[in-house]
Amino acid sequence: MTEFAASTSAAPADAFPAAPATPPQPQPLPIRFTGSGGEYFRIWIVNLLLTLVTLGIWSAWAKVRKTRYFWSNTQLAGAAFQYHGNPVAILRGRLLAGAVFVAYSVAGRISLTAGLVAGAVLMLLGPWFFHASMRFKLANTSWRGLRFGFDSTAGRAYAVLAPGVVLGALFIGSLATIQRTTPGEQANPLPIVLAELAVFACWPWLHARLKAYQHGRAQYGDLAFEFEPSTRAFYGVYGKAFLSALPFFVLMGIAIAGVAAATRGTKDPEAMTRVFVPIAVVTYAVFALAYAVVGALFTARLQRLVWTRTHAGPVRFATSITARGLMRVWIGNGILTLLTLGIYWPWAAVAIARYRLECMTLEAGAPLETIAAGRLPAEGSATGEGAVDLFGWDIGL
């Protein structure tokens, strides 16, 4: 036996490096929604009647009952989400936000200048409202006993949202230039036009910053979420939505021009009504169709953009939502809601939630039980939550 053969035959089996272990394949975890229109109708009708009887006070309890129903019927890997919001805290937040809104309304009735100042103050409070709303909403949401959280401060919220506040201040300042116009003097529209163009041009950038802040500061236990930069993609979504809306703008312009041409020189009110009503009906129909088509296109693209760029450690998100699918859900349920004078709305809300949630899938590179730990017990203030609801600033999925 040669020296080489002897050394080879004597080599132990572990002398050769072991092949690298195959990394675990991401485990797809679909989201299921188990709610039904009949169940939600009973919650909705009780909430509606009690809110009317109590002059709106019950709305805080209504929000908690509704949110708990939708979260408790949203399941991931067989476990449902839970909502722990305190209705008394939400009511306190709504009362404070309502006081701010009343002050703004009263200031506007005193004088336009006072209204503009109050509007500027309200806008300055916006970042704090949003930060407080996110802290309250996530701190009161849990899955498998572990709560979500929002790792941010009011100072960071103002740093992120400062460009929006500055643009809002410029817009209000442009309105003030018109207010200072003396009687008989023609107002210069250039400042307000420039301010509107600046807001229009920067809106996708501001939206990208807001979503990066909203998703990038979220936490589940001690697992931090991250959001990939996406400003260019936001401009793409807005640009395609604008191009899709152009034909509808042209149709509405033709309808308005038709009204103007048909009523020009006509002094008979009945003749004007006969011309105006059908054109108004057509205009509203075009507007509703534009909302369904362009709104579905924008919402579906935005959901794909935001969630495919969000991840938390080994967990990533995917969505199969399409504009056509969302449009079909919106139009079918919208028609039934109109035909039933709103009674069908609970079934519509459940159908829309089911479609948007069941299009989502989590891809986990490790068992979910092992990737997060710790607790985030801070509940946060409900004032922001109340303000977000009151002023319609619902910036969700």
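In an unreviewed entry, UniProt lists residues 41-61, 101-130, 157-178, 241-263, 275-298 and 330-353 under "transmembrane region". The structure examined here against that record is a predicted model. Two of the listed segments were examined for their secondary structure and for the separation of their ends. Over residues 101-130 the chain is 97% helix and 0% strand, with the C-alpha atoms at the two ends lying 16 Å apart. For residues 330-353, the helical share is 79%, strand again accounts for 0%, and the end C-alpha atoms are separated by 11 Å.

Taken as a whole, the protein contains 12 helices and 11 strands, and 38% of its 397 residues count as buried. Among contacts with a sequence separation of 6 or more, 77% are made by residues that stand 24 or more positions apart. The exposed area of the protein comes to about 22,300 Å², of which carbon and sulfur atoms supply 69%.

A nonpolar patch is present on the surface, formed by Phe 200, Phe 242, Leu 243, Leu 246 and Phe 249, and these residues together have about 520 Å² of accessible area. The most is given to this patch by helix α8, which spans residues 231-263 and contributes four residues. Leu 243, one of the patch members, is located in helix α8; this residue counts as exposed because its relative accessibility is 55%, the cut-off for that class being over 50%.

The loop between α10 (323-339) and α11 (345-358) holds Gly 342, a position that also falls within the segment 330-353 of the UniProt record. With a relative accessible area of 22%, Gly 342 is classed as partly exposed, since residues count as buried when this value is under 20% and as exposed when it is over 50%. When neighbours within four places in sequence are left aside, Gly 342 is in contact with Trp 44 and Thr 337. Trp 44, in turn, falls within the segment 41-61 of the same UniProt list.

Cysteine residues were considered separately, and the count of disulfides in the model comes to zero. Two cysteines may be described by their accessibility. Cys 202 has a relative accessible area of 23% and is therefore partly exposed, whereas Cys 359, at 8% relative accessibility, counts as buried, the latter value being under the 20% limit that defines the buried class.

Note on methods: Residues numbered from 1 in each chain as written. Predicted model: local features only at pLDDT ≥ 70, side-chain atom pairs only at ≥ 80, totals over all residues. Heavy atoms only, no water. Patch = residues over 30% accessible without salt bridge, like charges linked within 9 Å, V, L, I, M, F, W, Y side chains within 5 Å. Areas by Shrake-Rupley, 256 points an atom, 1.4 Å probe, with all protein chains shown as cover. Salt bridge = Lys/Arg side-chain N within 4 Å of Asp/Glu carboxyl O. Buried < 20%, exposed > 50% of the residue type's maximum accessible area, 1.4 Å probe, protein only. Contact = heavy atoms within 4.5 Å. Disulfide = S-S within 2.5 Å. UniProt positions renumbered as here; feature names shortened; annotations may be inferred.
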